[in-house]
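Me: I would like a close look at one part of this model, namely the pairing of charged side chains. Please take the pairs one by one, and then set them beside the packing around them.

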Amino acid sequence: MDGKAFIEKWSKVASGYRLCRYVVFLLLLFVGYLLMLYTKNVEKEKIILLPPAVYSKVFITNDSASPEYIKEMADYVIYLATNYTPDTIDSRLEEFLKYVDPSAYQRLKKQIKEISADVKFYGRVQAFYPEKFQVDPQNRQVLVTGRLVKSYMGKTLEDKKQTYVLKYVIRNGEFLVTSLYPANKRQEVKK
């Protein structure tokens with residue numbers, strides 16, 4: 001009887017192992033299928049940079065975006081580039097460079113280094129308060145009008161109305177700045 005019981009138990013264990021192997025095989029096939037789908041769709045994945053806050057519905061495609069998105073991005077980028085103190089200028093402008101188009105990166109980085117050295121040397125503080133945004137999707141530019149306040153050692157040096165021209169491109173759904181300059185100075189470098 002012991003031999004018969006042993007063989008019966010062994011056959012149950014063996015059938016249990018077969019079932020486990022079958023389940024593991026099916027799971028491996030499923031994981032293989034998921035890996036195939038992942039590798040097929042990984043090229044379609046995009047990283048879209050958004051400003052810290054979005055206050056309306058926006059859409060973004062490969063080479064265009066809604067005017068609301070462009071306005072929000074322009075507001076954030078202008079904030080980074082035009083609001084600083086000697087202590088915050090490096091971090092703000094370094095963050096601004098993350099949104100710069102590679103074709104304009106070296107030129108803007110050079111300008112930023114000059115501005116940073118000047119602000120630190122003279123201890124200037126600058127704040128820009130945007131009031132009006134004019135988005136021109138055809139020319140891929142935004143005119144931002146607002147109040148510019150510059151001060152030195154607690155005294156206001158300048159308090160005037162200023163308009164900045166922000167030129168941009170949207171490439172693969174990513175908002176990139178190609179140039180940023182005051183409208184009255186026309187400091188844009190032609191390519």
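Reply: The model is a predicted one, and within it there are eight salt bridges. Side chains of opposite charge can pair when their charged atoms come close.

Consider Glu131 and Lys161, which form a salt bridge in which the closest N and O atoms are 3.1 Å apart. Glu131 belongs to strand 1 (residues 124–136) and Lys161 to strand 3 (residues 155–171), so this pair ties together parts that are 30 residues apart in sequence. Both Glu131 and Lys161 are exposed.

Another pair is Lys150 with Glu158, whose closest N and O atoms are 3.8 Å apart; because the cut-off for a salt bridge is a separation within 4 Å, this pair counts as one. Glu158 is partly exposed, its relative accessible area being 27%. The pairing also extends further, since Lys150, Glu158 and Lys160 are linked in a network of salt bridges.

A further salt bridge joins the side chains of Glu95 and Lys98, at 3.1 Å from N to O. Glu95 has a relative accessibility of 22% and therefore counts as partly exposed, whereas Lys98, with a relative accessible area of 53%, is exposed.

Glu95 leads on to the helices, as Glu95 is also one of the residues through which helix 3 contacts helix 2. Helix 2 (residues 67–82) and helix 3 pack at an angle of about 145°, with their axes 8 Å apart, and their crossing is left-handed. Tyr76, Val77, Tyr79, Leu80 and Ala81 of helix 2 make this contact with Arg92, Leu93, Glu95 and Phe96 of helix 3; by class, the contact of helix 2 with helix 3 has seven nonpolar, no polar and two charged residues.

Helix 3 (residues 89–97) also meets helix 4 (residues 105–122), their axes coming within 10 Å and crossing at roughly 170°, and the two helices are therefore roughly antiparallel to each other. Among the residues in contact are Leu93 and Phe96 of helix 3 and Ile112, Ile115 and Val119 of helix 4, and the residues of this contact divide into eight nonpolar, one polar and three charged.

For the setting of the strands, Val144 in strand 2 (residues 141–152) is useful. Val144 is buried, with a relative accessible area of 0%, and its contacts include Phe128, Pro130, Lys132 and Phe133, as well as Gln162, Thr163 and Tyr164. Pro130 and Val144 are 14 residues apart in sequence, and their C-alpha atoms are 6.4 Å apart in space.

Methods:
Residues are numbered from 1 along each chain as its sequence is written. This is a predicted model: local features need pLDDT of at least 70, side-chain atom pairs count only at pLDDT 80 or more; totals for chains, interfaces and linings use all residues. Side-chain values use heavy atoms; hydrogens and water are left out. Helices (H or I, at least four residues) and strands (E, at least two) are DSSP runs, numbered from the N terminus. Buried means under 20% relative accessible area, exposed over 50%, partly exposed in between (1.4 Å probe, protein chains only). Contact means heavy atoms within 4.5 Å. Axes are lines fitted to C-alpha atoms, for helices over the stretch in contact, and angles run from 0 to 180 degrees between N-to-C directions. Angles under 35 degrees count as roughly parallel, over 145 as roughly antiparallel, 65 to 115 as roughly perpendicular and the rest as oblique. Ala, Val, Leu, Ile, Met, Phe, Trp, Tyr, Cys and Pro count as nonpolar, Asp, Glu, Lys and Arg as charged, and the others, Gly among them, as polar. A crossing is left-handed if the near helix is turned anticlockwise from the far one by less than a right angle, and right-handed if clockwise. Lists of a residue's contacts leave out its neighbours within four places in sequence.
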